[in-house]
Amino acid sequence: MSLLPELRYPTLAELVLSARALAAHRPGLCTLRQVGASRAGRPLHLLSIGHARRAVLVVAGAHSNEPTGGPTLLALAERVLRERELRADISWHFLLCADPDGASLHVTPAPRSLFDYHLGFFRPAAPEQPEWAPAALPPDRLPPETRVLTRVIDELRPYLQVTLHGTDLGGSWVQLTKDVPGLAEPFAKSAAELHIPVETGASDAAGWPAAGPGVHVMPAPGAGAAYPSMPDDARSSTWFHVHRYGGLTAVVEVPMWASDLVDDPAPHPDPARALRRLGARLLRDSLEVDRVLTEALPRLDGVDGPLLRAARWALELMPGLAADWTHTPPPGDTMAYVGSVDAFGRRLPLRAAAMLLRVLQETEDRGAPRLEHLVATWSDAFAERFRARWVPLEHQVEHQSRTVVAAALHARERAA
């Protein structure tokens with residue numbers, strides 16, 4: 001019997017219960033142990049299957065607003081137990097949730113629409129994200145979740161780390177810290193079979209080399225950033241920590257809602273002009289949210305917390321990013337790339353507004369209705385512009401699981 005809850009994303013408590021049941025059912029193969037604790041004292045759990053020296057580490061929950069990784073992790077664990085060949089010379093290790101504090105704050109287990117999803121939205125500021133904190137903080141100030149993750153990597157020395165990510169609306173893509181020859185074909189085949197578009201011009205990977213459609217390889221250290229204003233650099237994240245042991249990281253992204261506007265490889269007729277327009281809209285939308293915050297701040301005296309910090313951090317990013325799009329030559333020139341930037345430019349102010357809305361609702365501030373109108377309007381416009389269609393949860397999980405297994409098998413050949 002599958003351990004996956006139906007029709008909704010499981011809570012962290014449910015993930016732990018399911019992992020505990022697996023470990024109890026197969027005690028000779030499985031162990032579940034606590035490997036550390038969060039800032040708030042919540043435990044971080046590692047489920048391990050098999051005893052081979054060669055290891056794969058799978059990380060879920062690095063971003064609290066990307067819930068597919070949890071059920072994917074359980075599905076992968078079940079598959080590894082069913083298919084003996086997957087554990088013949090590989091041990092599998094699953095970090096159930098890299099950010100349990102963040103998971104407690106993102107509260108949309110069964111979103112019916114983008115608006116519903118954003119009403120419970122939370123994504124911490126970069127310095128509070130386990131994977132991204134090393135790109136924003138000195139080593140002596142790293143959060144305990146980051147130290148747990150790097151300690152697990154140091155212990156396991158995996159030849160492959162896979163971190164399970166997702167997007168609210170768009171397509172699927174993979175980011176690699178080193179190329180994995182052969183991965184692009186099974187990735188594309190899985191996406192096609194499950195009717196999930198491949199995000200061929202993902203703005204997250206702007207200017208990176210492509211090993212195939214939607215499979216992007218991070219540039220070497222020293223390469224220029226596509227968006228100079230962005231403060232974080234993937235090459236400073238925990239994704240590169242495995243390199244000291246000869247390993248690599250694969251970041252597997254899958255959408256909750258799909259859009260066929262992000263996989264069109266045709267040339268855009270005027271990408272520079274399109275990005276200038278998108279930059280202007282991003283600046284306008286960020287200022288609209290910032291005005292609500294500025295007006296409310298005197299009434300929020302003494303109020304602090306991760307929601308408000310994250311909203312303010314996102315607002316601080318947007319003017320610089322808008323300037324990048326306006327004044328920097330576009331690193332991509334396809335319809336897919338412009339579509340991905342369009343989605344990114346809608347996503348950032350919407351997220352800031354959603355998190356600030358939760359703060360104002362909790363304090364019963366009079367600015368909340370205005371923000372709720374913005375969140376509703378922008379969510380509906382986002383979904384309509386991109387003709388959003390829900391990707392069944394079982395398809396999200398199946399595609400992400402297939403991609404992880406393909407990455408593990410092809411990277412094993414690379415490491416041999």
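**Asking how we know**

Me: The residues A226, Y227, L275, D324, W325, T328, P329, P330 and P331 form the lining of the largest cavity. What makes a residue count as part of a lining?

Reply: Welcome! One thing to know early on is that this is a predicted model. A lining residue has an atom within 4 Å of a point of the space in question, so A226 and the other residues in that list each meet this cut-off for the largest cavity.

Me: What is the difference between a cavity and a pocket?

Reply: In a cavity a 1.4 Å probe fits but cannot get out, whereas a pocket is an open set of points. The largest cavity holds about 30 Å³ of space. The count comes to one cavity of 30 Å³ or more.

Me: How do the residues lining the largest cavity divide into nonpolar, polar and charged?

Reply: Seven are nonpolar, one is polar and one is charged. Asp counts as charged, so D324 is the charged one in this lining. Thr is not on the nonpolar or charged list, so T328 is the polar one.

Me: How much space lies in the second largest pocket, and how many residues line it?

Reply: The space comes to about 390 Å³, and 24 residues line this pocket. P10, T11, L12, P67 and A103 lie nearest its centre. Two or more lining residues come from each of α1 (12-25), α2 (69-82) and α3 (100-105). Of these, α3 gives the most, with three residues. By kind, the lining of the second largest pocket has 12 nonpolar, nine polar and three charged residues.

Me: How do you know how many disulfides the structure has?

Reply: A disulfide is a covalent bond between the sulfur atoms of two cysteines. The search covered the whole structure and found zero of them. To count, two cysteine sulfur atoms must be within 2.5 Å. For C30, the closest cysteine sulfur is in C97, 20 Å away, so this pair is too far apart for a bond. Seen from C97, the closest cysteine sulfur is that of C30, again at 20 Å, too far for a bond.

Me: Are C30 and C97 buried or exposed, and why?

Reply: The cut-off for buried is under 20% relative accessible area. C30 has 4% relative accessibility, so C30 is called buried. C97 has 7%, so C97 is called buried too.

Me: Why is R84 called what it is, buried or exposed?

Reply: Exposed means over 50% relative accessible area. R84 has 62%, so R84 is exposed. You will find R84 in the loop between α2 and β4 (91-95). From R84 to Q161 the distance is 21 Å, C-alpha to C-alpha, with their places 77 residues apart in sequence.

Me: What about R20, and where does R20 lie?

Reply: R20 belongs to helix α1. Its relative accessible area is 43%, which falls between the 20% and 50% cut-offs, so R20 is called partly exposed. Beyond neighbours within four places in sequence, R20 is in contact with L32 and H45. R20 and P213 are 193 residues apart in sequence, and 38 Å separates them in space, C-alpha to C-alpha.

Me: What can be said about phi of H195 and of E364?

Reply: Most residues other than glycine have a negative phi. Phi of H195 is near 60°, a positive value in a residue other than glycine. For E364, phi is near 55°, again positive in a residue other than glycine. H195 sits in the loop between α6 (184-193) and β7 (210-212), and E364 in the loop between α9 (335-362) and α10 (368-385). With 57% relative accessibility, over the 50% cut-off, H195 is exposed. E364 has 74%, so E364 is exposed as well.

Me: How do you know how compact the chain is?

Reply: The chain has 11 helices and 10 strands. Its radius of gyration is 21 Å, and the globule rule gives 22 Å for 416 residues; these are close, so the chain is as compact as a globular protein of that length. Along the principal axes, the C-alpha atoms fill a box of roughly 60 × 50 × 40 Å. Of the 416 residues, 57% count as buried. Among contacts between residues at least 6 apart in sequence, 81% join residues at least 24 apart.

Definitions and conventions: Residues are numbered from 1 along each chain as its sequence is written. This is a predicted model: local features need pLDDT of at least 70, side-chain atom pairs count only at pLDDT 80 or more; totals for chains, interfaces and linings use all residues. Side-chain values use heavy atoms; hydrogens and water are left out. Buried means under 20% relative accessible area, exposed over 50%, partly exposed in between (1.4 Å probe, protein chains only). On a 1 Å grid over the protein atoms alone, a cavity is a set of points where a 1.4 Å probe fits but cannot get out, and a pocket is an open set with protein on both sides within 12 Å along at least five of seven lines; lining residues have an atom within 4 Å of a point. Grid points are joined across faces, edges and corners, and a volume is the space filled by probe spheres set on the points. Helices (H or I, at least four residues) and strands (E, at least two) are DSSP runs, numbered from the N terminus. The radius of gyration is taken over C-alpha atoms; the globule rule is 2.2 Å times the number of residues to the power 0.38. Contact means heavy atoms within 4.5 Å.
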